[in-house]
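I opened a new notebook page for this structure. I wanted to look up its ligand site, its empty spaces, one sheet and a few backbone details.

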Amino acid sequence: MTAARSQGTLAAALDHAMQRYCDRHPRSAERQAHAAKDLPGGSTRSAIYYTPFPLTWVEGRGNRLIDLDGNECLDFLGEYSAGLYGHSNEIIRAAIAKAANAGLALGGPNIYEGPLAAAIRERFPSVDLIRFTNSGTEANLMALVTVRALNPSRTRIMVFDGGYHGGVFHFRHGCSALNVPFDWLIAEYNDIEGTRRLLNANASSLCGVIVEPMLGGGCIPGTRAFLGMLREECSANAVPLIFDEVMTSRLSPSGLQGLLGLRPDLTTFGKYLGGGASFGAFGGRREIMERFDPGHASAFQHAGTFNNNVISMAAGLAGLTQVYSFDEAKRINALGDYLRSAINTIAAERELLIRATGVGSLIGLHFQSLHQTTAREDGRLKSQVREDALLQLETLFHLEMIDHGFFFGRRGYISLSLPTTTSDCDSFVAAVSSFFEEHKPSVEATLHHSQFV
Ligand code: PMP
């Protein structure tokens, strides 16, 4: 197939899928147009926008979502990992109801925050003391200003290309215009020697290194060797190492740090740990965190009206102590491994140009060859014109999978929630397979033309 024909075929398939999507979701389209009069883009959160317009959800039961037009989808997005418990867990709903019935916004310590801190500490041995925030972004902001304040003569912070630590810490396509104006030193993820050199060359001006143990964008795991090197070099240079486990803390009973056997100086958390309500936390070594004790001789201030709001505290506590047991953590992550391997197996057997990456219950789907690429290769490939073709393929796949009743992130992001079953995963794989039955030639032609393979 020629390049022009392949693009023509893809464009025609995309037009068709868009049209069908618009026909099936008129009320979501209408809500979007209405809301856009008051909210830029019709929503208040960039990550949930996708073309031609996002679906408006009106109800969630277990791992099923119902949209405004009454269509049902199996939820494989899991609210970017905050929806681990599903949408209607009875234990969490009861905890929220009980807390709400006892009164909101009480303006003092409550009975939930201490036990929630203890439950998190019990799972993460690197955390001696912990503080709560309202979001993962805020947790990272607090962790970063803390390490800066510990050592005011050092102002640089090492981050990684492709990393994401919240809307104002966004390094996926260079440094976002809205990033907090810190003195960033951007290194390459999983590049052991390059990062070691950069870290050593800048050690005297570095106040901290922040890293996701798995890049959330694309679900690219950090290698043990890379993350271990960061631990070693940070210790050798007395630079605090921060693990952003906002997304990955669910990947074992003690997060990715537990799986990897590494102990960061500080860890940031968020997402499901609020039981489905807004949440963030930062914690770690006692010498650092005890500065937040108001009784400390040179105490740091850490404010936040809603840091201990009873809804997040009660829901988070119930979730961690009554729902996400060690066995459940193992089960859902094993299910993720099953889904990832099933997708990669059919891809290998039938030569489908898709591959699933990630760890446990967090999965990234990529249109590309089956051979493993490094983060650096991924970055180089994506930085070229081919990004457009890739986005078109991802859009077609996303719309077609929604049409089959499966919802996940436009860029191929999946996070499984606890109600997900093996049979849900099998039907997801069957839908991937039927997508390729229909579109294999145009996927191949587009990727070949774009030299992805
Ligand atoms: N860090 C990581 C690794 C994340 O994935 C996210 C959210 N996707 C954040 C930080 C920010 O968390 P929040 O959206 O709660 O501010």
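My entries follow, one topic at a time.

**Entry 1: the model**

I noted the origin before anything else. This is a predicted model.

**Entry 2: the ligand**

I began with the ligand and asked which residues are around it. I listed Ser135, Gly136, Thr137 and Asn140. Then I added Tyr164, His165 and Gly166 to the list. Glu212, Asp244, Val246, Met247 and Lys271 complete the shell.

I sorted this shell by class. I found six polar residues, three nonpolar and three charged. Which element gives the most to the shell? Helix H5, which covers residues 136-150, does so with three residues.

Next I looked up polar atoms by the ligand. Thr137 has a polar side-chain atom 2.4 Å from an oxygen atom of the ligand. Gly136 uses its backbone instead: an N or O atom there lies 2.9 Å from a ligand oxygen. On the side of Lys271, a side-chain N or O atom is 2.7 Å from a nitrogen atom of the ligand. I then checked how much of the ligand is covered. On its own the ligand has 390 Å² of accessible area, and the protein covers 82% of that.

**Entry 3: the second largest pocket**

I turned to empty space. Rolling a probe the size of a water molecule over the atoms shows where such space is left. I took the second largest pocket, with a volume of about 560 Å³. Its lining has 26 residues. Which of them are closest to the centre? I wrote down Asn110, Glu113, Asn307, Asn308 and Asn309.

I then looked up the elements behind this lining. Helix H4 (113-123), strand E4 (129-133) and helix H10 (310-323) each give two or more residues. H4 gives the most, with five. By class I read 13 nonpolar residues, 10 polar and three charged.

**Entry 4: the cavities**

How many cavities of 30 Å³ or more does the whole structure have? The search finds four.

The largest cavity holds about 40 Å³ of space. I found Ala17, Arg20, Tyr21, Arg24 and His25 in its lining. Leu399, Glu400, Ile402 and Asp403 line it too. Helix H1 (3-24) and helix H13 (386-403) are the elements that give two or more residues here. I counted the classes as four nonpolar, four charged and one polar.

I went on to the second largest cavity, which has a volume of about 40 Å³. Ile354, Leu365, Phe367, Glu394 and Phe397 are in its lining. So are Phe408, Gly409, Arg410, Arg411 and Gly412. This lining has five nonpolar, two polar and three charged residues.

**Entry 5: a sheet of four strands**

I followed one open sheet across its strands. The order is E1-E2-E3-E15, and the pairing is mixed. Which strands are at the edges? Strand E1 (57-61) and strand E15 (406-407) are, and each pairs on one side only.

I checked the pairings with one general point in mind. Strands of a sheet pair through backbone hydrogen bonds, either parallel or antiparallel. Strand E2 (residues 64-67) and strand E3 (residues 72-75) are antiparallel, with three bridges. I traced two bridge partners in E3: Leu74 for Arg64, and Glu72 for Ile66. The hairpin of E2 and E3 has four residues between the strands. Among its details, I noted Gly70 with a positive phi near 85°.

E3 and E15 run parallel, joined by two bridges. Leu74 appears again here, with Phe406 as its bridge partner in E15.

**Entry 6: backbone details**

I closed with two backbone values. Most residues other than glycine have a negative phi, and most peptide bonds are trans.

Is the peptide bond from Thr51 to Pro52 cis or trans? I found it cis, with omega near 0°. Pro52 is in the loop between helix H2 (26-35) and E1.

Glu79 was my other stop. Its phi is positive, near 45°, in a residue other than glycine. I placed Glu79 in the loop between E3 and helix H3 (90-101).

Conventions: Residues numbered from 1 in each chain as written. Predicted model: local features only at pLDDT ≥ 70, side-chain atom pairs only at ≥ 80, totals over all residues. Heavy atoms only, no water. Near = heavy atom within 4 Å. Polar contact = N/O pair within 3.5 Å; in protein donor to acceptor, adjacent residues only side chain to side chain. Areas by Shrake-Rupley, 256 points an atom, 1.4 Å probe, with all protein chains shown as cover. Nonpolar A, V, L, I, M, F, W, Y, C, P; charged D, E, K, R; others polar. 1 Å grid on protein atoms, 1.4 Å probe; cavity = no way out; pocket = protein on both sides within 12 Å on 5 of 7 lines; lining within 4 Å. Points joined across faces, edges and corners; volume = space filled by probe spheres on them. Pairing = 2+ DSSP bridges.
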